[in-house]
Every structure is written in structure tokens, then in C-alpha cells.
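Reader: I am in my first year and I would like a close look at one part of this protein chain. Please take me through a buried region slowly, and then show me how the rest of the chain relates to it.

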Amino acid sequence: MEALAIKYSEGLEASGFDRGKEDSLPPKEDSSHSISKSKSESKLYNGSDKDVSSSGNKLTKKESLKVQLGVQKKNYREEKKRATKELLSTITDPSVIVMADWLKIRGTLKSWTKLWCVLKPGVLLIYKTHKNGQWVGTVLLNACELIERPSKKDGFCFKLFHPLEQSIWAVKGPKGEAVGSITQPLPGSHLIFRATSESDGRCWMDALELALKCSGLLKRTMIREGKEELASTAGESSQINFYSLLRAHNMQGFQFNDSDQFKDPDLYSDKSDREGEQDHEESDVEGLGKSEESDSDTSERQDDSYIDLDPNEALRETPYLEQSHEELGEAGEASQTETVSEENKSLIWTLLKQVRPGMDLSKVVLPTFILEPRSFLDKLSDYYYHADFLSEAAVEENAYNRMKKVVKWYISGFYKKPQGLKKPYNPIIGETYRCMWLHSKTNSKTFYMSEQVSHHPPVSAFYVSNRKDGFCLSGSILAKSKFYGNSLSAILDGEARLTFLNRGEDYVMNMPYAHCKGILYGTLTLELAGQITIACEKTGYSAQLEFKLKPFLGNNDSVNQVSGKIKLGKEVLATLEGHWDSEIFINDKKTGVVDTFWNPTAELRQSRLTRCTVPPEDQGDYESERLWQHVTRAINNKDQTEATNEKFILEEAQRKSTRERKAKCEDWAPGLFEQDPVTGEWHYRYAE
């Protein structure tokens, strides 16, 4: 890190910072007038202004002084512009970094979060990852002070703070982000940092001192530059909008709060400067008025949007239509079994010749008669028809009751099932799906976005958000299949993270697997099985669920069984028992009261949230419904031959594009999601 600071200092010297210290800083009141005057006199009598000097005898003393002041002012402006441009170039240049490293930052909840900090002249950029992809916030160093902070814990602490307890944050990110990435709440007027060692902490403090000095220089030069360009009358305050100045110098990437204004008490070095400015204002008052009005209008337009849009192009909201048809299978085993026709049995035998016990079936092409006519990305959205349970949980004050509502929502995603044994389409790489649900009680919307980010292995990433009700959820699923002879399992490897934004709580959960038996003999049946954990590290509450397979000698009541318990630490608070597609009971261990926890009655099914989807004509070429439309039409028409042909066309196009990328040595880059190189988690690029 010391090497980074030394490298930065050398970069400043090379770019003219050391060379231009005297020129860049505003001239002091005692010496600037004499220095500038001597330069001007030299130019008047020995330089290009020789004609002026020859007629000096005819000029009055006042007129001569005005000429000298005009030359001084012109030179002074040019020097200020040069210094300002040098400073601005260092901020916009991605190669100019004072320091960059991981630091722990203490939030308002007194807990520490490890974040990637990038220090530049005048600003401290904070990210979730070191690739600068998830911006958390930007600290404006111009108003900050720095002190060392004693700590009883390991490491070295220091504090950045505003002496008047005002906000230290910018409202826009380096790429125009309006809201930072989700993390624990951070203080508004200060930040406490922890470095891993004292040497690292001291290095950070030295670097921050350097950046603070650069920030002061930037502030002074830019305010003076802004006064010259945006001045109105001599009686007006010398407050200049920092964001407007950055905008004026084409720094669209850095956008700051319009309420953050700065005063320069020493805006002019002496009285003669003020007189000269008054003369300038009197002569150009009309032109300045027009310029000021124009700049003001431009600033307002820039504040409304940080994106340069075509003036003839208006932003268009994505149209959504209510879903017209939805298939809901009956409760119990009847809707999870299927009798295979003799024709399809021959297809199964052909398929079995390609596989062996224990083999992964992800690369095996399955017959279309077992396909559910929708994509797996669409299938994953079934868990949000009761997202109103999450809206209720977000405002629930009791942590135990919040956990119960989360578990109730989790179980509500399974009773929606197709009639018979069906498997959704394997998404094509780059395929996307989006929809939303309308919350009538809270007048809000829950949005769902998903993308197939990898094909081998097949990984589906998804993101769900309802900012108004205060929750979001993200995760990824790696779909794997195992063949065991007379049965096979579709394993959904991965986890989802549910976040309550107003509480900073994360609930991490995994998924059960689907088990299909009766392939060679017996009835073809689909069941759910597996151990599930839902845990919130912050509150200490957790839930464990077990989806059970039907025993070999079991009766109809032993189908779709689920049991579980809700715990605080190791203490069991309640147990759950029942069927995941019908009624589940909860037994409170403290009171001994047994009550109905979940029951998807006809009344509850009628209260499901309304799902809205994008019309096919407004979808992109790689959106699920439009991409698979020909296969879906053939399956609905029971034309398995046509469905197989259309499915082959899509899969062959995918193989061709894979070969082309391989020939060009190119990797596939998802459009909506990006992977955290540290945790391996997939995050939605446009979550904020």
C-alpha cells in the first residue's frame, strides 16, 4: 500500500501537481498583487503590449491601472483553468488511485462490514467487491476531517467525520447509480474504519491526508472557476453548486447532492479584484444573465437524469398483462403420477440405453412428452404467488413471528404443480424471464428477473424485489440430475438470500430435490425430498424442514409429508408436521398449543397475488416465452414430432454459438447478472 501511495505521488509530479503548486493555489493576499503586477508591467513595457506602453503618457492613472488589472485577471484565469483541468483529469482517470484495499467499516447497528475502498483525490469510493462492480457509496472528502480512533479490538481504527455533523455522502455513484448496493446501514455524518494492522492503518491515514489536501485544492479552484462562469451580481452570495461545476467540466460520472454547497470566504484576493469583477459585470450584465439562465436550465435537466438520452426518444415503461391461464394440480399423489403410453415407453427404453446408474443427466436430451410447456426460469417464479407473506414479515416487529412468516411463505411455493409428471424446459444460455405480482393491500409490485448464466454446468440466477414493502431476494440454482435405474433425482443445488431492507436481516435457504420413480416398473411418480434450512444469522432464529419420500409400504397419507422445527440457537421453540400440498400444523413447545400453520384452501388460492407477464410482442428474442413459443405450441397441440424438431433447432443454435465462441476464445458474459469472484454468488447488475 505504501508503494501505491509513492506511485501516486510520482504520478502527481509527472502530471504537473508539484510543478504547479504555486500556480494552482490561489495567490495570497499579501504577495499575489505585486507578483501579478510585475508580470503585467513586464508584458506592458517589454512584450506584446508595446503599443499600449507607447501611449501610456496619454492615459490617465486610473485607465492605466484598469489595463494592468485586465491583463492580471486574464493570466489568473488561465492559470486557474489549467490547475482545475489537471485536478479533474486525475479524478476521471481510472489509473489515478491513491490507495485501494479492503477495510472494515462500522455500521449504525454497531457491526462491522468488510468493504472494498478506493481512494482518489477528493473522494473515497466504497464497493462490495474489488472489481468496483457493486457501488455502496461515495464519501466527499472536501468537508471531512480525519482522526485516529482508539480501539480495544485488533487492528487500527480511524474516523472520517463532518465537524458540523452534516452528510458526507454523494447521492450519485461513479456510474450514475441512484442507490448503493445493499449492505448494513452506514452513518450519514461519519465513518469508522478498521485496518488489519497498525502499519496499514497509518498508511491509509497518510493517503487520506494527501487526498484531503487535493480535495481542498479542488474545492478552491473549482469554486473560483465556477464564480467566473456562473456569476450573476456582486451582491449575491458566493455559494456555488459543486455538482453543477463538475457537470460544467464534463464529469458526468461523479454526481453529487445539489444541496451540498460551499462558500469561499476569500473569493477575491483584494479590493481591486472586486472592482474589476464589478466592471466586468456592468459591461456584460445582459450576456451573463442569459448564460446564467441557460446554465440553470441545463443543470435542472442534468439533475433529473444522469443518462444522456436522445431528446426525441422517451423512456417507455415495460407493459405487463395479467396472466390469463394458470394450471394448478390437485392435492395428493393423484396429480403427481402418470401412466406412460406404449409409444412413449419405447422412447424411454431408447433413452435408458444412453445412461447408466449414477450418471449425470444434464447432457442427455429428454423426450418432449415429459416436458411441461414452460421454461425452468418460469418455474422458479412459482414461489412468489404469496409474496404478500413477505410484505407482512417485513413489518413484523417480533423476530420469532418474522421467522414463522418466512417459513410459511417458503412452504407456499410448492402446492402449485402441473397435472402429471412434467419437467420444464432446460433454459438456453442467455435466456431470460421476467414477470411481476400486484399487491392490492400495500399497492406495491414484486418484480422477478432471471437469466440462464451458464449452460454447462446449467446455472439459473434470479432476483426478486419489492422496495416499497422492504424486501428483496436473490440466488442461483445449479440443476443436476442423477439416474439410479428405476428412479432419478433432479437436484437443485444452490441457495437463495432473502433480505429485509429496513432491518438488515438476511435469511439464507436452500431447495429440496425432485425424485421420480417407476421408470422401469411401477407407477411413474414425482415427489419432493431433502433437508432444508432457513437461517437468519442476525437474529439467531432458524428453521429446519424435511421433505419425506413415500415409504415402500406407505399409504396415501404418507405422501408429500413434511416435518420441521423452528429454533432460537439450539432451543426448539415449535415443531411442524403435515403435508406440503395440504395442511401443516404447528406445535408451540412453550404453550403446548397445536394450531394450523398452513393450509392451501380454495379461499387461500383465490387470494393469490395476480401475476403479470410481458406480452410476447414486447419480449426480447431470448425471453423464455418468445424463445420457446414454437415448442410450446407443438406440445399444446400434442404434436410430439414437431415439438422435438423445434426443440432440436434451438439446441443446435446454442451448440453452434458455443462453437463460435470457443473458436474466438471468447467466454460467455451474462447480460443481467454478474458473479462475485470472492463468494461465487450471482448478483443482479441493476438491483439499485
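Author: What follows looks at strand β17 and its surroundings, and then at other parts of the chain. The model is predicted.

Strand β17 covers residues 471-483, and 10 of these 13 residues are buried, so the strand is largely enclosed by the rest of the structure. What runs beside β17? One partner is strand β16, residues 459-466, which is antiparallel to β17 and joined to it by 8 bridges. Within this pairing, F462 has G475 in β17 as its bridge partner. The two strands form a hairpin with 4 residues between them, and there G470 has a positive phi near 90 degrees. Another partner is strand β18, residues 487-500, which pairs with β17 in the antiparallel sense over 13 bridges. Here K480 stands opposite I491 of β18. As a general point, strands of a sheet pair through backbone hydrogen bonds, either parallel or antiparallel.

The approach to β16 has a feature of its own. P457 sits in the loop between β15 (444-454) and β16. The peptide bond from H456 to P457 is cis, with omega near 5 degrees. In general, most peptide bonds are trans.

Helix α12 brings us back to the three strands. The buried residues of α12 pack against β16, β17 and β18, and also against α13, β14 (432-439) and β26 (594-598). α12 is mostly covered, with 6 of its 8 residues buried. These buried residues are D388, F389, L390, S391, A393 and A394.

Just ahead of this helix is a loop between α11 (376-379) and α12 (388-395), and D382 lies in that loop. Is D382 buried or exposed? Its relative accessible area is 3%, and anything under 20% counts as buried, so D382 is buried. Apart from neighbours within four places in sequence, D382 is in contact with R374, G413 and K416.

Helix α13, one of the elements that α12 packs against, leads to the nonpolar interior. The largest nonpolar core has 57 residues, and Y384 and Y410 touch the most other members. Helix α13 itself, residues 399-411, gives the most to this core, with 8 residues. A second, separate core has 30 residues, including V136, L160, A195 and L208. As for Y410, leaving aside neighbours within four places in sequence, this residue is in contact with M509, N510, M511, P512, I532, I534, L545 and F547.

Two cysteines can be added to the list of buried residues. C516 has 8% relative accessibility and C536 has 2%, so each of them counts as buried. How many disulfides does the structure hold? The number is 0.

For contrast, consider an open sheet elsewhere in the chain. This sheet has 7 strands in the order β4-β3-β2-β1-β7-β6-β5, with antiparallel pairing. At its edges stand β4 (135-140) and β5 (145-149), each with a single partner strand, so one side of each is left without a neighbour in the sheet. From one strand to the next, the twist averages 35 degrees. Inside the sheet, β2 (residues 112-120) pairs with β3 (residues 123-127) in the antiparallel sense over 5 bridges. The bridge partner of C117 in β3 is I126.

The loop between β6 (156-161) and β7 (190-195) contains K175. With a relative accessibility of 66%, K175 counts as exposed. The C-alpha atoms of K175 and W135 are 8.9 Å apart, although 40 residues separate the two along the chain. The loop between β6 and β7 also contains E165. E165 is exposed, with a relative accessible area of 64%, and its phi is positive, near 60 degrees, in a residue other than glycine. K638 likewise has a positive phi near 60 degrees. K638 lies in the loop between α16 (629-636) and α17 (640-663) and counts as exposed at 73% relative accessibility. In general, most residues other than glycine have a negative phi.

Finally, some totals. The chain has 17 helices and 29 strands. Of its 688 residues, 46% count as buried. Among contacts in the chain with a separation of 6 or more, 61% are between residues 24 or more positions apart. The chain exposes about 35,900 Å², and carbon and sulfur atoms supply 50% of this area.

Technical notes
Residues numbered from 1 in each chain as written. Predicted model: local features only at pLDDT ≥ 70, side-chain atom pairs only at ≥ 80, totals over all residues. Heavy atoms only, no water. Core = buried A, V, L, I, M, F, W, Y, C linked by side-chain atoms within 4.5 Å. Buried < 20%, exposed > 50% of the residue type's maximum accessible area, 1.4 Å probe, protein only. Contact = heavy atoms within 4.5 Å. Pairing = 2+ DSSP bridges. Areas by Shrake-Rupley, 256 points an atom, 1.4 Å probe, with all protein chains shown as cover. Disulfide = S-S within 2.5 Å. Axes fitted to C-alpha atoms, helices over the stretch in contact; angles between N-to-C directions.
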